[in-house]
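Hello,

Here is the structure I promised to pass on to you. Please have a look at it first; my notes on what I found follow below.

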Amino acid sequence: MRKIRWGVLSTALIGIEKVIPAIRRSQRGEVAAIASRDLSRAEAAAKELGIARAYGSYAELLADPDIDAVYNPLPNNLHVEMTLEAVAAGKPVLCEKPFAMNAEEAERLRDIDPDIPVMEAFMVRFHPQWLWAREQVRAGLLGELRAIQTFFSYTNLDPGNIRNKLEAGGGALLDIGCYPTVISRFLFDSEPEQVFALIERDPTFGTDRLVTAILDFGRGRRSDFTVSTQVTSYQRVHVVGTKARLEVEIPFNAPQGEETRVYIDDGEVLGDGGRKMHKLPASDHYAEQCDAFARAVLGEEKLPYGVEDGIKMMRIIDALFRSGESGRWEQPGG
(Lines give C-alpha, C1' and ligand atoms only; values in the text may rest on other atoms or scores of the structure.)
Protein backbone atom coordinates (compact mmCIF):
# COMPACT_ATOMS: atom_id res chain seq x y z
CA MET A 1 0.00 0.00 0.00
CA ARG A 2 1.11 3.55 -0.71
CA LYS A 3 2.20 5.62 2.28
CA ILE A 4 2.41 9.35 2.87
CA ARG A 5 5.46 11.06 4.39
CA TRP A 6 4.58 13.18 7.40
CA GLY A 7 6.30 16.32 8.63
CA VAL A 8 5.66 17.27 12.27
CA LEU A 9 5.57 20.91 13.35
CA SER A 10 7.16 21.25 16.81
CA THR A 11 8.30 18.85 19.50
CA ALA A 12 5.02 19.10 21.44
CA LEU A 13 4.49 16.20 23.84
CA ILE A 14 1.32 14.97 22.16
CA GLY A 15 3.31 14.54 18.97
CA ILE A 16 6.32 12.96 20.62
CA GLU A 17 4.40 10.66 22.95
CA LYS A 18 1.19 9.88 21.05
CA VAL A 19 0.99 10.80 17.38
CA ILE A 20 4.49 10.07 16.05
CA PRO A 21 4.46 6.54 17.57
CA ALA A 22 0.95 6.12 16.14
CA ILE A 23 2.03 7.13 12.64
CA ARG A 24 4.74 4.49 12.85
CA ARG A 25 2.13 1.90 13.78
CA SER A 26 -0.20 3.08 11.03
CA GLN A 27 -0.52 1.34 7.69
CA ARG A 28 -0.42 4.39 5.43
CA GLY A 29 2.18 6.76 6.86
CA GLU A 30 5.77 7.33 7.96
CA VAL A 31 7.40 10.27 9.76
CA ALA A 32 9.99 11.87 7.49
CA ALA A 33 10.83 15.12 9.29
CA ILE A 34 10.31 17.16 12.45
CA ALA A 35 10.77 20.89 12.95
CA SER A 36 11.23 23.24 15.89
CA ARG A 37 12.15 26.88 16.22
CA ASP A 38 15.10 25.52 18.19
CA LEU A 39 17.18 23.30 15.90
CA SER A 40 18.81 21.49 18.82
CA ARG A 41 15.39 20.41 20.10
CA ALA A 42 14.37 19.17 16.68
CA GLU A 43 17.64 17.26 16.31
CA ALA A 44 17.29 15.71 19.76
CA ALA A 45 13.74 14.58 19.02
CA ALA A 46 14.76 13.24 15.60
CA LYS A 47 17.61 11.26 17.14
CA GLU A 48 15.44 9.85 19.92
CA LEU A 49 12.64 8.87 17.54
CA GLY A 50 14.71 7.84 14.54
CA ILE A 51 13.39 10.56 12.23
CA ALA A 52 15.60 11.21 9.20
CA ARG A 53 15.42 15.00 9.01
CA ALA A 54 15.30 17.80 11.59
CA TYR A 55 14.65 21.45 10.79
CA GLY A 56 15.29 24.60 12.83
CA SER A 57 12.26 26.41 11.42
CA TYR A 58 8.75 25.48 10.34
CA ALA A 59 9.30 27.19 6.98
CA GLU A 60 12.13 24.80 6.13
CA LEU A 61 9.94 21.77 6.76
CA LEU A 62 7.08 23.25 4.71
CA ALA A 63 9.49 23.84 1.84
CA ASP A 64 10.63 20.20 1.82
CA PRO A 65 9.27 18.66 -1.41
CA ASP A 66 9.39 15.17 0.08
CA ILE A 67 6.79 15.97 2.75
CA ASP A 68 3.30 14.86 1.72
CA ALA A 69 1.33 16.06 4.77
CA VAL A 70 1.83 18.01 7.99
CA TYR A 71 0.75 17.32 11.55
CA ASN A 72 0.24 20.56 13.48
CA PRO A 73 0.34 20.13 17.30
CA LEU A 74 1.44 23.72 18.03
CA PRO A 75 -0.20 25.80 20.80
CA ASN A 76 -3.83 26.67 20.10
CA ASN A 77 -3.09 30.28 19.17
CA LEU A 78 -0.82 29.08 16.34
CA HIS A 79 -3.14 26.47 14.84
CA VAL A 80 -4.72 28.66 12.17
CA GLU A 81 -1.60 30.65 11.33
CA MET A 82 0.59 27.61 10.70
CA THR A 83 -2.17 25.61 9.01
CA LEU A 84 -2.61 28.44 6.52
CA GLU A 85 1.14 28.56 5.91
CA ALA A 86 1.26 24.80 5.37
CA VAL A 87 -1.61 24.86 2.90
CA ALA A 88 0.00 27.78 1.07
CA ALA A 89 3.01 25.49 0.64
CA GLY A 90 0.73 22.82 -0.81
CA LYS A 91 0.73 20.57 2.28
CA PRO A 92 -2.41 18.86 3.63
CA VAL A 93 -2.76 19.42 7.39
CA LEU A 94 -3.98 17.35 10.30
CA CYS A 95 -4.40 20.10 12.91
CA GLU A 96 -4.70 19.35 16.61
CA LYS A 97 -7.89 20.33 18.37
CA PRO A 98 -9.17 22.91 18.94
CA PHE A 99 -9.09 24.11 15.34
CA ALA A 100 -8.68 27.74 16.44
CA MET A 101 -9.05 30.16 19.32
CA ASN A 102 -12.59 31.06 18.18
CA ALA A 103 -14.96 30.67 15.24
CA GLU A 104 -13.96 33.93 13.58
CA GLU A 105 -10.37 32.74 13.45
CA ALA A 106 -11.42 29.29 12.22
CA GLU A 107 -13.39 30.88 9.37
CA ARG A 108 -10.10 32.09 7.89
CA LEU A 109 -9.51 28.46 6.90
CA ARG A 110 -12.33 28.75 4.37
CA ASP A 111 -9.83 30.56 2.14
CA ILE A 112 -7.71 27.45 1.65
CA ASP A 113 -7.59 25.46 -1.56
CA PRO A 114 -10.52 23.01 -1.22
CA ASP A 115 -8.46 20.33 -2.96
CA ILE A 116 -5.93 20.29 -0.09
CA PRO A 117 -7.24 18.21 2.85
CA VAL A 118 -7.37 19.93 6.26
CA MET A 119 -8.89 18.13 9.26
CA GLU A 120 -9.25 18.81 12.97
CA ALA A 121 -7.65 16.02 15.00
CA PHE A 122 -10.35 14.44 17.18
CA MET A 123 -8.95 10.92 17.41
CA VAL A 124 -11.96 9.71 19.42
CA ARG A 125 -14.09 9.75 16.28
CA PHE A 126 -11.94 6.91 14.91
CA HIS A 127 -11.84 4.65 17.97
CA PRO A 128 -13.73 1.33 17.68
CA GLN A 129 -15.48 1.94 21.01
CA TRP A 130 -17.10 5.14 19.74
CA LEU A 131 -17.88 3.71 16.32
CA TRP A 132 -19.51 0.75 18.07
CA ALA A 133 -21.42 3.06 20.43
CA ARG A 134 -22.80 5.03 17.49
CA GLU A 135 -23.84 1.79 15.78
CA GLN A 136 -25.85 0.81 18.89
CA VAL A 137 -27.54 4.22 18.97
CA ARG A 138 -28.42 4.04 15.27
CA ALA A 139 -29.66 0.45 15.60
CA GLY A 140 -32.05 1.51 18.38
CA LEU A 141 -30.48 -0.66 21.11
CA LEU A 142 -30.89 2.22 23.59
CA GLY A 143 -34.33 3.17 22.33
CA GLU A 144 -34.56 6.89 21.62
CA LEU A 145 -31.34 8.66 22.59
CA ARG A 146 -32.26 11.40 25.06
CA ALA A 147 -29.25 12.32 27.19
CA ILE A 148 -25.47 12.19 27.31
CA GLN A 149 -23.62 12.88 30.56
CA THR A 150 -19.85 13.41 30.72
CA PHE A 151 -17.24 14.12 33.36
CA PHE A 152 -13.65 14.80 32.26
CA SER A 153 -10.95 16.22 34.51
CA TYR A 154 -7.30 16.35 35.51
CA THR A 155 -5.11 18.48 37.79
CA ASN A 156 -2.53 20.87 36.35
CA LEU A 157 -1.29 23.73 38.55
CA ASP A 158 1.95 24.45 36.67
CA PRO A 159 2.02 28.17 35.74
CA GLY A 160 4.47 27.43 32.94
CA ASN A 161 2.27 24.82 31.28
CA ILE A 162 0.64 25.91 28.01
CA ARG A 163 -2.75 24.72 29.30
CA ASN A 164 -2.61 27.42 31.97
CA LYS A 165 -1.75 30.28 29.60
CA LEU A 166 -4.86 32.23 28.64
CA GLU A 167 -3.24 33.98 25.68
CA ALA A 168 -2.27 30.64 24.13
CA GLY A 169 -5.78 29.18 24.42
CA GLY A 170 -5.41 27.43 27.74
CA GLY A 171 -8.28 26.39 29.98
CA ALA A 172 -10.69 23.51 30.41
CA LEU A 173 -13.20 24.26 27.68
CA LEU A 174 -10.75 24.48 24.77
CA ASP A 175 -8.55 21.68 26.07
CA ILE A 176 -11.06 19.03 27.13
CA GLY A 177 -14.58 20.49 26.95
CA CYS A 178 -14.34 20.08 23.20
CA TYR A 179 -14.37 16.27 23.63
CA PRO A 180 -17.86 15.85 25.15
CA THR A 181 -19.01 18.45 22.63
CA VAL A 182 -17.72 16.55 19.61
CA ILE A 183 -18.93 13.19 20.94
CA SER A 184 -22.42 14.60 21.50
CA ARG A 185 -22.52 15.84 17.90
CA PHE A 186 -21.17 12.44 16.82
CA LEU A 187 -23.89 10.44 18.60
CA PHE A 188 -26.86 12.75 18.05
CA ASP A 189 -25.71 13.31 14.46
CA SER A 190 -26.84 16.92 14.67
CA GLU A 191 -25.88 20.33 16.06
CA PRO A 192 -27.03 21.90 19.36
CA GLU A 193 -29.70 24.58 19.02
CA GLN A 194 -28.72 26.42 22.20
CA VAL A 195 -26.15 26.03 24.99
CA PHE A 196 -25.66 27.12 28.59
CA ALA A 197 -22.52 27.20 30.71
CA LEU A 198 -21.32 28.01 34.21
CA ILE A 199 -17.63 28.91 34.18
CA GLU A 200 -15.22 29.44 37.07
CA ARG A 201 -11.82 30.95 36.33
CA ASP A 202 -8.49 30.56 38.09
CA PRO A 203 -7.76 33.85 39.90
CA THR A 204 -4.10 33.77 38.85
CA PHE A 205 -4.08 32.20 35.38
CA GLY A 206 -7.40 33.67 34.23
CA THR A 207 -8.20 30.37 32.51
CA ASP A 208 -11.49 28.52 32.91
CA ARG A 209 -10.70 25.80 35.43
CA LEU A 210 -14.23 24.43 36.04
CA VAL A 211 -16.97 24.38 33.42
CA THR A 212 -20.42 22.83 33.58
CA ALA A 213 -22.44 23.01 30.39
CA ILE A 214 -25.68 21.91 28.75
CA LEU A 215 -26.07 21.43 25.02
CA ASP A 216 -29.70 21.39 23.87
CA PHE A 217 -30.10 19.43 20.63
CA GLY A 218 -33.85 20.00 20.46
CA ARG A 219 -36.71 17.49 20.52
CA GLY A 220 -35.93 16.49 24.11
CA ARG A 221 -32.27 15.63 23.44
CA ARG A 222 -29.59 17.03 25.72
CA SER A 223 -25.95 16.61 26.59
CA ASP A 224 -24.44 17.93 29.79
CA PHE A 225 -20.84 17.84 30.93
CA THR A 226 -18.45 19.04 33.59
CA VAL A 227 -14.77 19.51 32.79
CA SER A 228 -11.98 20.77 35.01
CA THR A 229 -8.22 21.28 34.98
CA GLN A 230 -8.00 21.42 38.77
CA VAL A 231 -9.79 18.41 40.25
CA THR A 232 -8.81 14.77 40.52
CA SER A 233 -8.34 12.96 37.22
CA TYR A 234 -11.46 11.17 36.03
CA GLN A 235 -13.40 10.58 32.83
CA ARG A 236 -16.61 8.73 32.04
CA VAL A 237 -19.49 9.06 29.57
CA HIS A 238 -23.06 7.82 30.00
CA VAL A 239 -25.27 7.63 26.91
CA VAL A 240 -28.90 7.22 27.97
CA GLY A 241 -31.92 6.26 25.92
CA THR A 242 -35.52 5.27 26.59
CA LYS A 243 -34.68 1.54 26.75
CA ALA A 244 -31.09 1.29 27.98
CA ARG A 245 -27.93 3.19 28.73
CA LEU A 246 -24.39 2.80 27.44
CA GLU A 247 -21.33 3.58 29.57
CA VAL A 248 -17.89 4.25 28.10
CA GLU A 249 -15.24 3.42 30.69
CA ILE A 250 -12.23 5.38 29.33
CA PRO A 251 -13.88 7.56 26.72
CA PHE A 252 -11.16 9.99 25.66
CA ASN A 253 -7.69 8.79 26.67
CA ALA A 254 -8.26 5.18 25.72
CA PRO A 255 -4.92 3.36 26.08
CA GLN A 256 -3.17 3.01 22.75
CA GLY A 257 -2.94 -0.55 21.49
CA GLU A 258 -5.15 -2.01 24.23
CA GLU A 259 -8.69 -3.34 24.28
CA THR A 260 -11.42 -1.17 25.79
CA ARG A 261 -14.66 -1.90 27.62
CA VAL A 262 -18.11 -0.46 27.04
CA TYR A 263 -21.15 -1.39 29.13
CA ILE A 264 -24.85 -1.74 28.32
CA ASP A 265 -27.46 -1.63 31.09
CA ASP A 266 -31.23 -1.92 30.63
CA GLY A 267 -31.83 -0.50 34.12
CA GLU A 268 -33.91 -3.42 35.41
CA VAL A 269 -31.52 -3.99 38.32
CA LEU A 270 -30.21 -0.93 40.14
CA GLY A 271 -26.58 -0.62 41.18
CA ASP A 272 -25.21 -1.86 37.85
CA GLY A 273 -26.66 -5.29 38.57
CA GLY A 274 -27.82 -5.68 34.99
CA ARG A 275 -24.81 -4.13 33.37
CA LYS A 276 -23.24 -6.19 30.58
CA MET A 277 -19.70 -5.64 29.34
CA HIS A 278 -18.72 -5.45 25.69
CA LYS A 279 -15.01 -5.63 24.86
CA LEU A 280 -13.61 -3.79 21.86
CA PRO A 281 -10.42 -5.08 20.22
CA ALA A 282 -7.05 -3.48 20.82
CA SER A 283 -6.75 -0.29 18.81
CA ASP A 284 -4.74 2.91 18.45
CA HIS A 285 -7.19 5.71 17.69
CA TYR A 286 -4.36 8.07 16.73
CA ALA A 287 -3.14 5.57 14.13
CA GLU A 288 -6.68 5.05 12.84
CA GLN A 289 -7.08 8.81 12.50
CA CYS A 290 -3.78 9.17 10.63
CA ASP A 291 -4.70 6.35 8.26
CA ALA A 292 -8.09 7.92 7.50
CA PHE A 293 -6.39 11.23 6.77
CA ALA A 294 -3.72 9.53 4.64
CA ARG A 295 -6.37 7.83 2.52
CA ALA A 296 -7.92 11.25 1.86
CA VAL A 297 -4.53 12.71 0.96
CA LEU A 298 -3.95 9.83 -1.45
CA GLY A 299 -7.36 10.40 -3.03
CA GLU A 300 -8.67 7.00 -2.02
CA GLU A 301 -11.47 8.23 0.23
CA LYS A 302 -13.34 11.42 0.97
CA LEU A 303 -12.04 13.49 3.89
CA PRO A 304 -14.29 12.43 6.81
CA TYR A 305 -14.29 15.82 8.56
CA GLY A 306 -13.31 19.11 6.97
CA VAL A 307 -13.04 22.83 7.66
CA GLU A 308 -16.78 23.42 8.03
CA ASP A 309 -16.99 20.77 10.73
CA GLY A 310 -14.22 22.54 12.66
CA ILE A 311 -15.99 25.90 12.31
CA LYS A 312 -19.20 24.41 13.73
CA MET A 313 -17.23 23.13 16.73
CA MET A 314 -15.75 26.56 17.39
CA ARG A 315 -19.17 28.24 17.17
CA ILE A 316 -20.40 25.96 19.95
CA ILE A 317 -17.35 26.70 22.11
CA ASP A 318 -17.79 30.44 21.50
CA ALA A 319 -21.45 30.22 22.52
CA LEU A 320 -20.48 28.42 25.74
CA PHE A 321 -18.00 31.16 26.60
CA ARG A 322 -20.68 33.80 25.86
CA SER A 323 -23.13 31.98 28.12
CA GLY A 324 -20.56 31.90 30.91
CA GLU A 325 -20.44 35.70 30.69
CA SER A 326 -24.12 36.45 30.08
CA GLY A 327 -25.67 33.87 32.37
CA ARG A 328 -28.16 33.07 29.59
CA TRP A 329 -28.76 30.43 26.98
CA GLU A 330 -26.82 31.25 23.81
CA GLN A 331 -27.16 30.04 20.24
CA PRO A 332 -24.10 28.82 18.32
CA GLY A 333 -25.30 30.63 15.21
CA GLY A 334 -24.21 30.18 11.62
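**The cysteines, and what lies around them**

Cys 178 is buried, with a relative accessible area of 2%. Please keep in mind as you read that this is a predicted model.

I began with the cysteines to see whether any of them are bonded. The count of disulfides comes to zero. Cys 178 takes part in none, and the nearest cysteine sulfur, in Cys 95, is 12 Å away. Cys 290 has a relative accessibility of 2%, so this residue counts as buried as well. Its closest cysteine sulfur also belongs to Cys 95, and because the two sulfurs are 13 Å apart, they are too far from each other for a bond.

**The overall picture**

The protein has nine helices and 14 strands. Its radius of gyration is 20 Å, close to the 20 Å given by the globule rule for 334 residues, so the protein is as compact as a globular protein of that length. The C-alpha trace spans about 60 × 45 × 35 Å along its principal axes. Of the 334 residues, 56% are buried. If you take the contacts between residues at least 6 apart in sequence, 67% of them join residues at least 24 apart.

**The eight-stranded sheet**

You will find an open sheet of eight strands with mixed pairing, in the order β8-β9-β10-β7-β11-β12-β13-β14. Strands β8 (194-201) and β14 (276-283) are at the edges; each has a single partner strand, so one side of each has no neighbour in the sheet. From one strand to the next, the twist averages 15°.

At the β8 edge, β8 and β9 run antiparallel and are joined by eight bridges. Phe 196 has Ile 214 in β9 as its bridge partner. The two strands form a hairpin with six residues between them, and Gly 206 in the turn has a positive phi of about 80°.

Further along the sheet, β12 (residues 245-248) and β13 (residues 258-265) pair in the antiparallel sense over four bridges. Arg 245, in strand β12, stands opposite Asp 265 in β13. With a relative accessibility of 17%, Arg 245 counts as buried, because the cut-off is under 20%. Its side chain makes a polar contact of 3.0 Å with the side chain of Glu 247. Beyond its sequence neighbours within four places, Arg 245 is in contact with several residues, among them Leu 142, His 238, Tyr 263, Asp 265, Asp 272 and Arg 275.

**Helix α7 across the sheet**

Helix α7 (residues 172-188) lies across β7 (145-155), β9 (208-216), β10 (222-228) and β11 (230-241), and runs at about 160° to β10. Asp 175 is in this helix and counts as buried at 12% relative accessibility. The side chain of Asp 175 makes two polar contacts that you may like to inspect: one with the side chain of Tyr 154 at 2.5 Å, and one with the side chain of Arg 163 at 3.2 Å. Leaving aside neighbours within four places in sequence, Asp 175 touches Lys 97, Tyr 154 and Arg 163.

**Ser 323 and strand β8**

Which residues does Ser 323 touch, not counting those up to four places away in sequence? They are Val 195, Phe 196, Ala 197, Arg 328 and Glu 330. Ser 323 sits in helix α9 (residues 307-326), and its relative accessibility is 0%, so this serine counts as buried. The side chain of Ser 323 reaches the backbone nitrogen of Ala 197 at 2.9 Å. By contrast, the C-alpha atoms of Ser 323 and Arg 25, which are 298 residues apart along the chain, are separated by 42 Å.

**Helix α4**

One last helix to show you is α4 (residues 79-88), where His 79, Val 80, Met 82, Thr 83, Ala 86 and Val 87 are buried. These buried residues pack against β1 (4-9), α3 (58-62), β4 (69-72), β5 (93-96), α5 (103-106) and β6 (118-121). Just after α4 comes Gly 90, with a positive phi of about 85°.

Happy to talk any of this through with you.

Best wishes

How values were computed
Residues are numbered from 1 along each chain as its sequence is written. This is a predicted model: local features need pLDDT of at least 70, side-chain atom pairs count only at pLDDT 80 or more; totals for chains, interfaces and linings use all residues. Side-chain values use heavy atoms; hydrogens and water are left out. Buried means under 20% relative accessible area, exposed over 50%, partly exposed in between (1.4 Å probe, protein chains only). Contact means heavy atoms within 4.5 Å. A polar contact is a pair of N or O atoms within 3.5 Å; within protein, one must be able to donate a hydrogen and the other to accept it, and residues adjacent in sequence count only if both atoms are side-chain atoms. Two strands pair if DSSP finds at least two bridges between them. Axes are lines fitted to C-alpha atoms, for helices over the stretch in contact, and angles run from 0 to 180 degrees between N-to-C directions. A disulfide is a pair of cysteine sulfur atoms within 2.5 Å. The radius of gyration is taken over C-alpha atoms; the globule rule is 2.2 Å times the number of residues to the power 0.38.
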